[in-house]
Amino acid sequence: MQTYEFPRFAFETPPELAGKAAPRRRVAIVGAGPIGLAAAIDLAGHGIESVVLDDDDTVSVGSRAICWAKRTLEILDRLGVADRMMQKGVTWQTGKVHFGDRALYQFDLADAGRQRFPAFINLQQYYAEEYLVERAGEEPAIDLRWRNKVVDLDAQSDGVTLTVETPEGAYTLDADWVIAADGARSQVRRLVGLDFMGRVFEDRFLIADVIMRADFPKERWFWFDPPFNPDQSALLHMQADNVWRIDLQLGWDADPDEERKPENVVPRIKRMLGDDIAFDLEWTSVYTFQCRRLEKFRHGRILFAGDAAHQVSPFGARGANSGLQDVDNLIWKLALVLDGKAPDALLDTYDAERVYAADENILNSTRSTDFITPKNAASRAFRDATLELATDWPFARDLVNSGRLSRPATYTESPLNSADAFGNVAPGTPCPDLAVRMARAGETARDGWLLELLGDRFAVLCFGVQAAASAGLGDLPADAIPIALLCVTAGESGRTDTIIDAGGHLARVFGAEPGSCYLFRPDQHLCAAWPSADVSAIRSARDQAVCQSRQGAEPTTAAAD
Amino acid sequence: MSDLLRKDLGFADGDAVYEALINAISGLDDQQAMKVMAKLILLLGNQIGDPAVIEAAITVARSETDG
Ligand SMILES: Cc1cc2nc3c(=O)[nH]c(=O)nc-3n(C[C@H](O)[C@H](O)[C@H](O)COP(=O)(O)OP(=O)(O)OC[C@H]3O[C@@H](n4cnc5c(N)ncnc54)[C@H](O)[C@@H]3O)c2cc1C
């Protein structure tokens, strides 16, 4: 490759092979792709050590993820790599849809108001992984092992024994929990003997990353049936380093080995870009896509995440984005279970919530694929009818489906939600990020972001300093499972962390009244909301969100380890 | 489900509407005709709006054609 030099991560003799003491691990993560790395960093943030095993010695090779969604950036910000990704990545928000040789319409993904992160940035997956590897290297709690391939496993009721192969021989490793983040061809999945449920799409796509200096805008351009690729679709999207992603649908009958050859790729791309634009091929491959998932993401002590658990076509950019939401959902739960503060059953809700999310992603991805690749003449007629109507009929524009781009799941039906709901944000919804003016206890006010204040713990947002004080919410941060207290006030006072909402913007977004309370889980999804502050209601909603039904008052001293 | 759909004649002049539908696709090849019909379905479906009504019509249309 011309624009990127792959780092080579050194193999180091693991203690198991060096004759040193190798204690049982609390968590072993199989796979150092974006999902495994993010899981390790998130665990370290909760003070939990992990060992990460990867069979390779570098980052993602080839044409893979480029679009990183807002919610993903919010999660990666918590994990400490979002700023680097923003700096290197290409921010975009506009998409244009073409049919034949005409531009049909354009869409804009920008939300109203000041936002910490845009709807999307584009950045090659290898950069994201490189930043995550460097970040993981700063954490003493992470033992990252390259060229350590998991080849066998023995699952017990209270742990898993992994057999790991290395250049210096094989060893076994015992772990209380295993996170299987070993990708679409997951070895762990095969060793446990699990099958995927879903569909493989009978279609092939040429994915080419080309280097060119072109003055195309930073927009997602999609074509149905363009003159340069008749009867098929095409996509053009900018990445970092003047690299552009080109997706050309080839159809099922295309010969993947032939199509990958430069003498066939170059003329195809010339037909698309015209003769005047000089380009170099960075990487080309031919893909077939599938939409499928495991029936269950939890198997005893093994937790599947990312592509090992589910796969979608890339048209909604829902692969890595949803995998990172798996991590966001899983890690706080695993941390509480490992700390003995929540029952094992909490991890079943990882399965319930993320299977629900995977189904949503698979549904969206399947619908896009069906629109892009009609299965018979009549569906083609429907598709083209929709496209022809789209110019003049706004309703038809909404039906055009060139990919429904990744959005975070809302866990509306989650067993972790309480029945208590109030205001404009429904339980299960991820907290919107909002610009806030905030004052930490004893500090002067500064501008910041709501999600940064929520962090990765339970937090209650109470509209009113006085309301919080008289309801006794000040005790919540001292609970065994602490609930941070964030008070929203119109003025500049407060002894706890306060958010100064002088214009009432926050109150409007949440539909809050004086005294209203909103309880967020550590992954920043809302679990319950009340019109007025009630400390015991907040505690029982927190307990429900950790699968703990508890009677009586909360002990004020932290529970023993 | 199909009580969402009226069974009596909804048009003042049914023959005229039927003729208009046939005229809409006359002189076209099958491919073009299918596209015109698809546009009709999309425009009329959007006008109806209620997905339950559309589902009901789909069920009827499909069950009369499957066998
Ligand atoms: C063309 C294309 C475009 C895409 N575009 C997007 C996009 O725009 N946005 C998006 O969000 N997603 C996109 N995706 C999807 C995205 O690439 C994947 O969802 C993502 O890589 C999944 O991450 P992962 O960590 O689960 O798995 P992987 O990235 O596959 O990582 C798995 C890791 O496990 C290691 N491993 C495998 N087996 C073993 C073993 N036995 N022992 C030890 N280690 C092992 C592998 O070496 C690898 O490092 C795209 C994919 C493709 C193909």
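Which residues does Asn401(A) touch, not counting residues up to four places away in sequence? In this predicted model, the residues touched are Phe224(A), Arg367(A), Ser368(A), Phe371(A) and Ile372(A). Asn401(A) sits in the loop between α11 (394-399) and β22 (435-439) of chain A. Its relative accessibility is 6%, so Asn401(A) counts as buried. The side chain of Asn401(A) also reaches the backbone nitrogen of Gly403(A), at 3.0 Å.

Chain A is divided into three parts: domain 1 (15-91 + 114-196 + 291-351), domain 2 (199-289) and domain 3 (435-544). Between the C-alpha centres of domain 2 and domain 3 of chain A the distance is 49 Å.

Val200(A) belongs to strand β12 (residues 196-200) of chain A. With a relative accessible area of 47%, Val200(A) is partly exposed. Along the chain, Val200(A) and Cys291(A) are 91 residues apart, yet their C-alpha atoms are separated by 6.4 Å. Residues up to four places away in sequence aside, Val200(A) touches Thr288(A), Phe289(A), Gln290(A) and Arg292(A).

The largest nonpolar core has 106 residues. Leu162(A), Ile179(A) and Phe458(A) have the most contacts inside this core. Helix α8 (residues 319-338) of chain A gives the most to the core, supplying eleven residues. Both domain 1 and domain 3 of chain A give residues to this core, so the core lies between them. Another core, of 24 residues, lies apart from it. Among the residues of this other core are Leu454(A), Leu461(A), Leu486(A) and Tyr518(A). In soluble globular proteins, nonpolar side chains tend to be buried together.

The surroundings of Ile179(A) can be listed in detail. Leaving aside neighbours within four places in sequence, Ile179(A) is in contact with residues including Val27(A), Ala28(A), Ile29(A) and Val30(A). Ala39(A) and Leu43(A) are also among its contacts. So are Leu303(A), Ala305(A), Leu330(A), Ile331(A) and Leu334(A).

Helix α15 (residues 535-545) of chain A is mostly covered, with eight of its eleven residues buried. The buried residues are Val535(A), Ala537(A), Ile538(A), Arg539(A), Ala541(A), Arg542(A), Asp543(A) and Ala545(A). Their cover includes the helices α8 and α9 (346-372) of chain A. Strands β24 (458-463), β25 (483-489), β27 (517-520) and β28 (526-530) of chain A are also part of this cover. At the N-terminal end, Asp534(A) caps α15(A). A side-chain oxygen of Asp534(A) lies 3.0 Å from the backbone nitrogen of Ser536(A). Just after α15(A), Cys547(A) takes a positive phi of about 60°.

The ligand has 31 residues around it. Of these, Asp54(A), Asp55(A), Gln125(A), Asp307(A) and Asn321(A) come nearest. Polar contacts involve oxygen atoms of the ligand. One oxygen atom of the ligand is 2.8 Å from an N or O atom in the side chain of Gln125(A). For the side chain of Asp307(A), the corresponding distance is 2.7 Å. A polar backbone atom of Ala317(A) lies 3.5 Å from an oxygen atom of the ligand. Taken alone, the ligand exposes 1000 Å², and the protein buries 89% of that. In the shell around the ligand, α1 (34-45), β9 (149-156) and α8 of chain A each supply at least two residues. The largest share, three residues, comes from α8(A). Helix α8 of chain A thus appears in three settings: it gives the most residues to the largest nonpolar core, it helps cover the buried residues of α15(A), and it contributes to the ligand shell.

Note on methods: Residues are numbered from 1 along each chain as its sequence is written. Chains are lettered from A and ligands numbered from 1 in the order in which they are written. This is a predicted model: local features need pLDDT of at least 70, side-chain atom pairs count only at pLDDT 80 or more; totals for chains, interfaces and linings use all residues. Side-chain values use heavy atoms; hydrogens and water are left out. Domain bounds come from an automatic or database domain assignment. Helices (H or I, at least four residues) and strands (E, at least two) are DSSP runs, numbered from the N terminus. Buried means under 20% relative accessible area, exposed over 50%, partly exposed in between (1.4 Å probe, protein chains only). A polar contact is a pair of N or O atoms within 3.5 Å; within protein, one must be able to donate a hydrogen and the other to accept it, and residues adjacent in sequence count only if both atoms are side-chain atoms. Contact means heavy atoms within 4.5 Å. A nonpolar core is a set of buried Ala, Val, Leu, Ile, Met, Phe, Trp, Tyr and Cys residues joined through side-chain atoms within 4.5 Å. A residue is near a molecule or strand if one of its heavy atoms lies within 4 Å of it. Accessible areas come from the Shrake-Rupley method with a 1.4 Å probe; for residues, only the protein chains shown count as cover.
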